[in-house]
Amino acid sequence: MNEFPILLVEDDENDVFFFERAMKQAQFDHPMRVVRDGIEAIAYLSGESTQSNRTESPLPCLIILDLNLPRKHGLEVLQWIRARAPDPAVPVVVLTSSASDLDMREAYRFGANSYLIKPSHPEDLPEVVRVIKLYWFDFNRMPPPCGEELLA
Amino acid sequence: MGTSLLILFLVVIFCALLWWWVGSVSKYETERNRAEEALRESQERILRLINSAMDAIIAVDAQQRITLFNPATERMFGCRAAEAVGGPLDRFIPSRFREAHRGHIENFGQTGVTNRRMGSLMTLSGLRTNGEEFPIEASISQVEVGGQKTFKVILRDITQRQQAERRLSASHAVTRILAESAALSSAIPSVLQAIGEGLGWDVGDMWILDSEPNVLRCLNVWQADSAQIESFKTVSYQTTFPPDSSLPGRVWASLKPAFIPDIAKDTNFVRTPQAAAVGLRAAFAFPIVAGDKFLGVMEFFSPEYRPPDDALLQMFIGIGSQIGQFIERKRAEDGLQQAQQEVQQHAAKLEQTVAERTARLRETINELEAFSYSIAHDMRAPLRAMQGFASILAREHAAQLDATAQRYLQRIEAAAHRMDRFIVDILSYSKIVRGTLDSTPVDLEKLVRDIVASYPPLHDDKAEITIDSPLPRVLANEAALTQVVSNLLGNAVKFVTPGTHPRVRVSAERMDGLLDKWINAEADAPQQSIHPHIQQSSTEHPRNQQSSTGWVRLWFEDNGIGIPKDSQARLFNIFTRLNRPELYEGTGIGLAIVRKAVERMGGSVGVESEDGKGSRFWVQLKAAKEL
C-alpha cells in the first residue's frame with residue numbers, strides 16, 4: 001500500500017466524521033487529507049494552498065469527491081483535475097447523495113472512475129469504505145502520482 | 001332599139017340598185033334605232049339600280065367633281081343630289097382627311113393601283129352636312145371614257161356595325177376582367193374603364209348597396225383622361241342614395257336600367273349642378289344583381305347629348321348580372337378566406353399561448369426538480385447525521401443512558417427513518433413523473449418472481465405469494481413496472497389485520513380486442529366511466545405505440561383489510577393515507593407512483609374491494625408478442 005494520501009473533498013462535517021469513523025471500522029488505515037469545498041480542493045491539488053509544501057500536502061493517490069460542494073461544484077473540480085491538475089490521471093471516486101442520472105452521466109463524461117451513492121444510513125458506510133479499500137487498494141493497481149515517482 | 005333597151009336596162013339596174021340601197025339604209029336605221037333603244041334601256045336599268053341601291057354610290061371625274069350622287073348617298077350625307085352634283089367631293093370628307101385623300105385619288109388615277117389603305121386609312125370617316133362624322137367603308141374603281149377618267153365610289157355607313165362591334169368587345173372585355181380579377185377592389189375600376197373607353201362614355205361610377213343604413217354608397221369613380229370632374233367626383237363620394245332617389249336610386253327601385261339623354265332636363269337627378277359644372281349631359285345606369293339580390297348600380301356619363309338607346313340598356317342587363325355574380329362570388333370567397341385567416345390566427349394564437357404556458361410550466365417543473373434535488377441532498381444529509389449519531393449513541397453509549405433515554409433515542413431513529421422513507425418516495429414519484437419511460441417487452445413472470453425473491457416481507461416466512469403461471473409478456477418500462485409491482489405487493493402484505501398471515505395471489509387476464517373497443521368508447525364518452533381511475537387514464541392511451549396484441553390485466557388479490565368504497569376514488573392520489581400511522585406506516589405516495597407509472601406506460605389501474613374483505617388491485621398494460 002502506498003503512502004500517498006486519499007483526498008476527501010466533502011463539505012459536510014458530519015459526513016467527514018462518519019467517513020473517518022467508517023475507515024476505522026473498516027480497519028482501513030491510510031493517510032487522508034480533507035478539503036471542504038471545490039476551491040480548496042483545486043488549491044490543494046495545484047499546490048497553491050497555505051499548505052503549499054508538497055511534503056505537507058502531498059499529491060493524493062485517490063480522490064473521493066462529493067458533488068454538491070460550496071464555491072465550486074464537484075463536476076467543475078473534476079473537469080479541472082482532468083484538464084489542469086499536476087496529476088490529471090489521478091483516480092476520482094464520486095461519493096454523493098445524488099442519484100440523478102444526469103449527475104452520473106456528467107460525472108463519467110468528465111472522467112470519474114467510479115460513482116458511489118452515500119448510503120442513506122451511516123451505519124452502512126463502513127461497508128462502502130471496505131469496498132473502496134478492497135477495490136482501489138487491495139486489487140486495483142495505480143502508479144504513484146505524476147512527478148512523485150522519485151519520492152516513492 | 002338597142003339604145004333604148006340599153007337605157008331601159010340601165011334604168012332597171014339603177015332602180016334595182018336604188019331599191020337595194022334604200023332597203024339597206026332602212027335596215028341600218030332600224031338596227032341603229034334598236035341598238036339605241038337597248039342602250040337607253042340598259043342605262044335606265046343601271047340608273048334604277050343605282051338609285052335603288054342600299055349603298056351610296058358616287059361618281060367623280062378627274063377633277064374630283066361629283067357626277068353621280070344616288071339617293072342612298074343623299075340619305076347618308078343629308079344632301080340632295082342636285083346640290084351635290086357638279087360640286088367637289090371634298091365637302092363630304094372631314095377636312096383633316098381632304099389633302100391626303102386627294103393625293104391618293106390622283107395616285108390611283110395615274111397608276112391604277114388601289115389598295116386597302118384607301119378604305120382603312122383615308123375614307124374611314126365621312127362628313128354629313130349637319131357636321132356629324134361617321135365611319136364608312138368604301139370601294140373605288142375607275143373607268144376611262146373618251147380619255148376622261150371617272151372614279152366610282154361605293155360607300156357603306158358602318159356606324160351601326162361598328163357600334164355593335166364595340167359593344168360586343170366591351171362586353172367581352174368585362175367578361176375577361178371578371179374572369180381574371182382576384183378581388184373586387186381591382187375588378188370594378190377595370191370594368192368601369194373597359195365600358196367607358198369601349199363605348200365612349202367619359203365617366204363611370206359604381207354604387208354599392210350598404211345594407212346597414214340601406215343606402216347606395218359610391219365605391220369607385222372612373223374618368224377618361226380628358227374628363228375634369230373633381231367636383232362631381234367629390235359630391236358622389238359624399239352622397240348616399242336611398243331607393244328612388246336620383247339615378248342610382250331609381251335603378252335600385254325598379255331593378256331596370258335607365259337612360260337620361262340630358263341630365264339638365266331630368267327632374268330626379270340630385271347631382272345636377274355638379275354634373276352641369278363639369279359638363280356631363282347624358283347618363284345611363286344599370287342594376288348590379290345576383291339572382292334576385294340587388295347589390296348596386298353602375299352609372300356612365302357623357303358630355304354629349306345621347307338619344308335613348310334601348311339596345312344598349314338591354315345589353316347591360318346581362319352585364320349587370322355578370323358583375324353581380326362576380327361580386328357575390330368574391331364576397332363568398334373573401335368570407336371564406338377571412339374565416340380561414342381567423343381560424344389560422346386563432347390557431348396560431350392558441351399555439352403561442354400553449355407554447356408560452358408550456359414554457360412557463362416547464363420552467364416551474366425545472367424549479368420543482370431543482371427543489372426536489374435540493375431536498376434530496378440538503379435534507380438527507382442532516383438526516384443521515386441524525387440517524388448516524390443516534391445509532392452511535394445507541395450502540396456505543398447505551399451503558400450511560402437510562403431506559404427512558406434509550407426509548408427516546410429509538411424514537412429519534414424511527415422518526416429519522418420515516419423521514420428518509422418519505423424523501424425517497426417523493427424522489428421516486430418525481431422521477432416517474434418527469435422521466436422518460438420507454439416501453440419494451442417485459443417478462444412479467446420473471447419480473448414478479450425476482451421482486452418476490454429480493455423483498456424480505458414477501459418471503460415464505462412472512463407471506464404466502466401465489467403466482468398463476470405463466471404470466472404473459474407486456475409492453476412496459478421495466479424499472480417503472482418493477483416499482484409498480486413492488487409497491488402493490490408491498491401494500492398487499494402490509495395492510496392486513498394484525499396477526500393475519502398475508503396471502504397474495506398474482507394472476508393475469510388477457511383483454512383481447514373487446515377491451516380495445518371499450519377503452520375507445522370510454523375515451524369518447526368519459527362521463528360514462530365505471531371507474532374514476534380508468535376514466536383518467538383512458539385518455540392517455542397511445543393508440544399506435546407498438547405492435548401489440550391487445551391488453552393484459554395483472555391482478556393482485558390479497559386477504560388484507562380492504563378499502564371502503566367511499567375511499568376508493570382518492571386511493572391513488574398522492575399523500576392519501578386511509579389508516580392511522582401508528583397502525584400502518586406509510587407515506588401515502590406508493591399508489592400515486594403506481595398510477596402515474598402505469599398511466600405513463602399507456603395503461604390503467606383500478607381496484608375492486610370491500611371494507612374488511614381484501615382487495616383486488618389490477619394493472620392493465622399492452623400485451624407484448626409472446627416469444
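A residue counts as buried when its relative accessible area is under 20%. Keep that cut-off in hand for chain B of this predicted model.

Start with strand E1 of chain B, residues 56-61. Six of its six residues are buried, so the strand is largely enclosed by the rest of the structure. Both of its faces are covered. One side carries Ala56(B), Ile58(B) and Val60(B). The other carries Ile57(B), Ala59(B) and Asp61(B).

What does E1(B) pair with? Strand E5 of chain B, residues 148-157, joins it over six bridges in the antiparallel sense. Strand E2 of chain B, residues 66-69, is also antiparallel to E1(B), through three bridges. Ile58(B) takes part in both pairings: it stands opposite Val153(B) in E5(B), and its bridge partner in E2(B) is Phe69(B). E1(B) and E2(B) form a hairpin with four residues between them. In that turn, Gln64(B) has a positive phi of about 65°.

Move on to helix H9 of chain B, residues 246-254. Its buried residues are Ser246(B), Leu247(B), Pro248(B), Gly249(B), Val251(B) and Trp252(B). The cover over them includes strands E6, E7, E8, E9, E10 and E11 of chain B. Just after the helix, Leu255(B) takes a positive phi of about 60°.

Further along the chain comes an open sheet of five strands. Its order is E13-E15-E16-E18-E17 in chain B, and the pairing is mixed. Strands E13 (464-467) and E17 (604-609) are the edges, each pairing on one side only. Neighbouring strands are turned by 20° against each other on average, direction ignored. Within the sheet, E16(B), residues 551-558, runs antiparallel to E18(B), residues 615-622, with seven bridges joining them. One of the paired positions sets Phe556(B) against Phe617(B) in E18(B).

Helices pack on this sheet. H13(B), residues 444-454, touches E13, E15 and E16 of chain B, and its direction makes about 170° with that of E13(B). H14(B), residues 478-494, lies across E13, E15, E16 and E18 of chain B, at about 25° to E16(B).

Finish with a helix pair. The axes of H12(B), residues 403-434, and H18(B), residues 590-600, come within 9 Å and cross at roughly 15°. An angle under 35 degrees counts as roughly parallel, and the two helices are therefore roughly parallel to each other. Their crossing is left-handed. H12(B) contributes Asp425(B), Ser428(B), Tyr429(B), Ile432(B), Val433(B) and Arg434(B) to the contact. H18(B) contributes Ala592(B), Ile593(B), Lys596(B), Ala597(B) and Arg600(B). By type, the contact residues divide into six nonpolar, one polar and four charged.

Definitions and conventions
Residues numbered from 1 in each chain as written. Chains lettered and ligands numbered in written order. Predicted model: local features only at pLDDT ≥ 70, side-chain atom pairs only at ≥ 80, totals over all residues. Heavy atoms only, no water. Pairing = 2+ DSSP bridges. Axes fitted to C-alpha atoms, helices over the stretch in contact; angles between N-to-C directions. Contact = heavy atoms within 4.5 Å. Parallel < 35°, antiparallel > 145°, perpendicular 65-115°, else oblique. Left-handed = near helix turned anticlockwise from the far one by under 90°. Nonpolar A, V, L, I, M, F, W, Y, C, P; charged D, E, K, R; others polar. Buried < 20%, exposed > 50% of the residue type's maximum accessible area, 1.4 Å probe, protein only.
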